[in-house]
Amino acid sequence: MESWVKSMVDAVGGVLSGYPLVIALLGAGLYFTVRFGGIQIRAFAHSVRLLRTSGDIAGISPFQAFATGLASRVGTGNIAGVAVALTIGGPGAIFWMWMTALLGMASAFVESTLAQIFKVAHRDNTFRGGPAYYIQLGLGSRKFGVVFAVALLFTFGFALNSVQSHSIAEALEASFGWERQWIGIALVLMTAPIIYGGVRRVARVAQWIVPVMSVAYLGLAVFVCLANLHEIPGMIALIWRHAFGLEPAAGGIAGYAVGQAVLMGVKRGLFSNEAGMGSAPNAAAVATTRHPVQQGLMQMLGVCFDTIVVCSATAFMILLSGEFMPGAAPEGAVLTQRALAAHFGDWAVIFTGLTVFFLAYSSVLGNYAYAEVNMDYMTQRPWCLHVFRSLVLAAVMLGSVASLPLVWSFADVGTALMAFINLIAIALLTRYALLAWRDYQTQRKAGVAEPVFTRDVLPPELRERLPKDVW
């Protein structure tokens, strides 16, 4: 029965998350890049400066919201996913991951800016928002808001958290020989106090875990690149040649090789940085900011950091290790572990296990934060939230000890459904993000160091629909 269900779900997922999703996400990224005049390039330096924004205002700071979004983005996909993209799509897949991130930065800006515009006040003195909220308030459709919320609740609350805990258990078992059931129990005990503290506590933990582990991992990558500096030009040339079929392909089928490079690079890039999928806006909305554009720019930067920085670090360490074999069977974290061991010795296997643990654990927290926002959208009854938290902990435990092929299949369908709904919504609501961006630019040109947003920027018909206690 399970195999039959999986085959049916895989068939649906193959249609939704294949080339149609790739075309939709890349097309949206290109559209927003043109509409906003290449904002990912023009405003990149300014978005970096915004990272210095601290919690000098009440609620969740812009940086905490940025870190929460990054916690979900930066995970096992940056270690295992990149290795899979390389072994299936070849070195050229890395180039297409970069292109995906570059275009996806514009989509991330739009969806996160909209999440801020349409956010609502919450009883814990923070905010809630995201696709479900801007679909209802901006497009007037509670029904499609609910469909999106249900898809996200299942995908991020249960499916992907099971997958992340499975990755943690697998990595720690391989590195230290620990039994999975005890790893699962430990994960539950570590996760419960944080998620029962709500989104505010998740944000406080995420702002420390993600930067510390990312810096440690990137430090190794920088060392590898410096130690192999003479090989960097050849590696970049290899990526370029494979991306456009300029390298002889295995079996002589160059067109097929390029197609695999594009498909794997785009899919791994999109599912790593989540740009346009409607997940990160749920974190972006909870921040207390003076202007929606501020959080839009910071979340845009998160896409760049996730894919162009962290994913590239993994790819470079693999390609410079001598462990990558074109045409070999697909491999994930094991290939990354072998590559690190080739550079640093056997201790790197243990380091990789710990890195997977911290990045996957931060993803569990980030995923939960997204899910809680949508649980609040569905219902604000306290007992429902407590039941939901208990089910999330059960999913974490189950993922630690069980095989998850069916869960992965459902997750693919869920993320694809989220993406299609979200892309349609942000395309229809683009003009409001554009008004906010123009207002932000106008104030900056007038010499205002920190622009302040008011509802007067928006059309009268929209002002009436927005909550009176936010902007």
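Biologist: Let's start with a helix pair: is the crossing of H9 and H17 left-handed or right-handed?

Modeller: Happy to look, keeping in mind that this is a predicted model. Helix H9 covers residues 142-176 and helix H17 covers residues 347-378, and their axes come within 8 Å. The axes cross at roughly 160 degrees, and the crossing of H9 and H17 is left-handed.

Biologist: How is H9 oriented relative to H17, roughly parallel or roughly antiparallel?

Modeller: The angle to use is the one at which the axes of H9 and H17 cross, roughly 160 degrees. Angles over 145 degrees count as roughly antiparallel. Therefore H9 and H17 are roughly antiparallel.

Biologist: What distance separates the C-alpha atoms of glutamine 164 and valine 364?

Modeller: Glutamine 164 has its place in helix H9. With a relative accessible area of 11%, glutamine 164 is buried. Along the chain, glutamine 164 and valine 364 are 200 residues apart, yet their C-alpha atoms are separated by 6.6 Å.

Biologist: Is valine 373 buried or exposed?

Modeller: Valine 373 is found in helix H17. Buried means a relative accessible area under 20%. The value for valine 373 is 0%, so this residue is buried.

Biologist: Which residues is valine 373 in contact with, leaving aside its neighbours within four places in sequence?

Modeller: A good place to begin is glycine 129, which is 244 residues from valine 373 in sequence and 6.9 Å away in space, C-alpha to C-alpha. Glycine 129 is also on the contact list of valine 373. With the neighbours within four places set aside, that list reads Arg128, Gly129, Tyr133, Asn282 and Val286.

Biologist: At what angle do H9 and helix H10 pack?

Modeller: Helix H10 runs over residues 180-195, and its axis lies 10 Å from that of H9. The crossing of H9 and H10 is right-handed. H9 and H10 pack at an angle of about 130 degrees.

Biologist: Which residues in H10 do Ser165, His166, Ile168, Ala169, Glu170, Leu172 and Glu173 in H9 meet?

Modeller: The packing angle of H9 and H10 is about 130 degrees, which means that H9 is oblique to H10. On the H10 side, the residues met by that H9 set are Arg180, Ile183 and Leu187.

Biologist: How many residues of H8 are buried?

Modeller: Helix H8 spans residues 131-139 and is mostly covered. Its buried residues are Pro131, Ala132, Tyr133, Tyr134, Ile135, Leu137 and Gly138. H8 is followed by glycine 140, whose phi is positive, near 70 degrees. Of the 9 residues of H8, the buried ones number 7.

Biologist: Which residue with a positive phi follows H6?

Modeller: H6, residues 80-89, is mostly covered, with 7 of its 10 residues buried. Those buried residues are Gly81, Val82, Ala83, Ala85, Leu86, Thr87 and Gly89. The residue that follows H6 has a phi near 80 degrees, and it is glycine 90.

Biologist: How many residues does the largest nonpolar core have?

Modeller: The residues with the most contacts inside this core are Phe36, Phe109, Leu114, Phe118, Tyr134 and Leu297. Phenylalanine 109, one of them, is in contact with Phe36, Ile39, Val293, Gly296, Leu297, Met300 and Trp437, leaving aside its neighbours within four places in sequence. Apart from the largest core lies another of 24 residues, among them Ile183, Val188, Phe388 and Val396. The largest nonpolar core has a residue count of 114.

Biologist: What is the relative accessible area of leucine 103?

Modeller: Leucine 103 is found in helix H7, residues 92-117. Setting aside its neighbours within four places in sequence, leucine 103 is in contact with Leu26, Gly29, Leu30, Thr33 and Gln40. The C-alpha atoms of leucine 103 and valine 34 are separated by 10.0 Å. Leucine 103 is partly exposed, with a relative accessible area of 22%.

Biologist: How many disulfides does the structure hold?

Modeller: Cysteine 225 counts as buried at 17% relative accessibility. Cysteine 384 is buried too, at 11%. A disulfide would need a pair of cysteine sulfur atoms within 2.5 Å, and the number of disulfides in the structure is 0.

Biologist: To finish, what percentage of the residues of the chain count as buried?

Modeller: The chain has 21 helices and 2 strands. Among contacts with a separation of 6 or more, residues 24 or more positions apart account for 84%. Of the 471 residues of the chain, the share that counts as buried is 59%.

Note on methods:
Residues numbered from 1 in each chain as written. Predicted model: local features only at pLDDT ≥ 70, side-chain atom pairs only at ≥ 80, totals over all residues. Heavy atoms only, no water. Buried < 20%, exposed > 50% of the residue type's maximum accessible area, 1.4 Å probe, protein only. Core = buried A, V, L, I, M, F, W, Y, C linked by side-chain atoms within 4.5 Å. Contact = heavy atoms within 4.5 Å. Axes fitted to C-alpha atoms, helices over the stretch in contact; angles between N-to-C directions. Helix = DSSP H or I, 4+ residues; strand = E, 2+ residues; numbered from the N terminus. Parallel < 35°, antiparallel > 145°, perpendicular 65-115°, else oblique. Left-handed = near helix turned anticlockwise from the far one by under 90°.
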